[in-house]
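Thanks for asking me to look this one over. My notes follow as numbered points, for you to read beside the model.

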Amino acid sequence: MTGPTALPRDLHPLAWWAWAIGLATAASFTTNPLLLLLIMGSATVVVMARRSGHPFGRSFRLYVLLALFTVVMRVVFRLIFGGQEIGHVLLDLPEIPLPDWAAGIRLLGPVTSEALLAGLYDGLRLAAIIICVGAANSLANPKRVLASVPPALYEIGTALVVAVTIFPQLADSARRVRAAQALRGGATSGVGRLQRFLVPVLEDALERSLALAAGMDTRGYGRSGGATVRERWVTGSLLLLALTGICVGTYAWLDPTAPQVLALPMLGAGVAVAVLGLISAGRRVQRTRYRPDPWRGAELFTVGVGIAVAVLGYYLSHTQLVVAYPGVTVAPYLSPLALALGVLGALPAVATPVPATAPVRREVTA
């Protein structure tokens with residue numbers, strides 16, 4: 001069952017990642033600030049409606065702050081390194097002379113409204129991608145992601161899980177350190193409080209991530225079984241051939257002067273050999289699964305929404321260039337297709353079951 005009447009359960013983590021990657025892909029195809037804000041709003045609505053009560057569910061605020069910081073720094077960099085005299089000058093800053101070996105780089109100079117808008121549009125695109133990734137990290141349980149990784153990629157998955165849990169650990173550490181400092185009292189503002197807050201948070205987050213890695217290693221995560229020398233050579237050769245085929249096919253696909261006979265055939269052959277290599281490598285990994293996550297209608301719907309949003313973003317960027325890439329001299333606007341893209345991305349907020357550990361349910365129970 002899907003929708004509000006579905007029984008509370010956690011959605012498959014890979015479904016959330018597929019949905020978030022679809023939104024991030026659509027954001028990468030446009031610089032329209034209205035569409036980017038719509039995509040970020042869709043991701044925020046889904047997170048607020050379907051985040052769980054686990055520590056990683058409280059990490060979305062950190063990604064929002066990182067996105068805001070990215071926008072500000074992008075605009076600042078455009079002011080420092082992108083001074084130009086063409087356009088409506090808002091502030092005439094003195095240009096700093098540079099040596100001859102730095103030709104083509106300008107420091108400061110006239111600040112125009114066009115330069116500010118261009119920096120703002122680029123920053124919003126990066127911010128939208130960051131918020132989409134943060135939404136996936138706030139909705140998907142990283143430990144359950146590791147349980148869904150193919151056996152051949154288990155060692156890489158272990159490292160990725162430890163890496164992506166840094167922000168959730170920071171959010172949980174910040175909450176606990178803030179509560180402890182409020183009980184102890186002392187400096188409540190200024191540099192002293194900042195020093196007393198940052199060091200314990202970073203230290204605690206690092207210790208918790210290392211403890212997670214040690215716990216995974218103790219439980220046998222990422223360990224491979226025995227394999228003969230011949231099996232190792234076969235697996236390595238298959239993966240090397242797959243990498244070569246994918247690289248050659250990608251180069252032939254992107255280079256219009258290369259023979260097109262090398263494009264799709266080499267890509268197809270590389271993917272096929274990669275699948276064989278992953279199957280061969282997966283046989284060496286001995287692990288068990290306890291209650292594997294099922295794929296049901298809600299998961300398939302969420303993945304379909306991500307794919308549809310990515311396809312609509314690609315189609316919009318090729319058919320409605322004025323909407324997808326508005327100039328800095330005209331006001332941006334949204335077409336019906338762009339509005340549909342933003343609304344479609346927010347559908348998992350109402351079409352997926354409530355998490356079993358949702359904060360609202362926990363407060364009502366308490």
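1. Which residues does Trp 16 touch, not counting residues up to four places away in sequence? Please keep in mind that this is a predicted model. The partners of Trp 16 are Leu 11, Val 46, Arg 50, Ala 136, Leu 139, Ala 140, Thr 302, Pro 348 and Thr 352. Trp 16 itself lies in helix α1, and its relative accessible area is 3%. Since buried means under 20%, Trp 16 counts as buried. For a distance to check on screen, take the C-alpha atoms of Trp 16 and Ala 136: they are separated by 5.6 Å, although the two residues are 120 apart along the chain.

2. Now for the overall picture. The chain has 366 residues, and 38% of them count as buried. It contains 15 helices and two strands. Take the contacts between residues at least 6 apart in sequence: 79% of these join residues at least 24 apart. The accessible surface comes to about 20500 Å², with 70% of that belonging to carbon and sulfur atoms.

3. The core deserves a look of its own. In soluble globular proteins, nonpolar side chains tend to be buried together. Here the largest nonpolar core has 38 residues, and Trp 16, Trp 19, Leu 23 and Ile 39 are those with the most contacts inside it. The elements that give two or more residues to this core are α1 (13-28), α2 (33-50), α3 (60-81), α4 (113-139), α11, α12 (321-324) and α13 (336-345).

4. Ile 39 is a good place to zoom in. Leaving aside residues up to four places away in sequence, Ile 39 touches Leu 23, Ala 26, Ala 27, Cys 132 and Leu 341. Of these partners, Cys 132 has a relative accessibility of 1% and counts as buried.

5. What does a search of the whole structure find in the way of disulfides? It finds zero. As a reminder, a disulfide is a covalent bond between the sulfur atoms of two cysteines. While Cys 132 is buried at 1% relative accessibility, Cys 247 is partly exposed, with a relative accessible area of 44%.

6. Charged pairs make a short list. Side chains of opposite charge can pair when their charged atoms come close. The structure holds one salt bridge, in which the side chains of Arg 74 and Asp 122 meet at 3.3 Å, N to O. This pair links distant parts of the chain, with Arg 74 in helix α3 and Asp 122 in helix α4, 48 residues apart. Arg 74 is partly exposed, at 23% relative accessibility.

7. Helix α3 also holds Ile 80. Is Ile 80 buried or partly exposed? Its relative accessibility is 30%, and because buried requires a value under 20% and exposed one over 50%, Ile 80 counts as partly exposed. The C-alpha atoms of Ile 80 and Val 111 are separated by 9.1 Å, and the two residues are 31 apart along the chain.

8. Finally, the outside. Leu 14, Trp 295 and Leu 300 form a nonpolar patch on the surface, and together they have about 290 Å² of accessible area. Leu 300 lies in helix α11, which spans residues 297-319. With a relative accessibility of 55%, Leu 300 counts as exposed. Helix α11 is also among the elements giving two or more residues to the largest core.

Terms used: Residues numbered from 1 in each chain as written. Predicted model: local features only at pLDDT ≥ 70, side-chain atom pairs only at ≥ 80, totals over all residues. Heavy atoms only, no water. Disulfide = S-S within 2.5 Å. Buried < 20%, exposed > 50% of the residue type's maximum accessible area, 1.4 Å probe, protein only. Patch = residues over 30% accessible without salt bridge, like charges linked within 9 Å, V, L, I, M, F, W, Y side chains within 5 Å. Areas by Shrake-Rupley, 256 points an atom, 1.4 Å probe, with all protein chains shown as cover. Salt bridge = Lys/Arg side-chain N within 4 Å of Asp/Glu carboxyl O. Helix = DSSP H or I, 4+ residues; strand = E, 2+ residues; numbered from the N terminus. Core = buried A, V, L, I, M, F, W, Y, C linked by side-chain atoms within 4.5 Å. Contact = heavy atoms within 4.5 Å.
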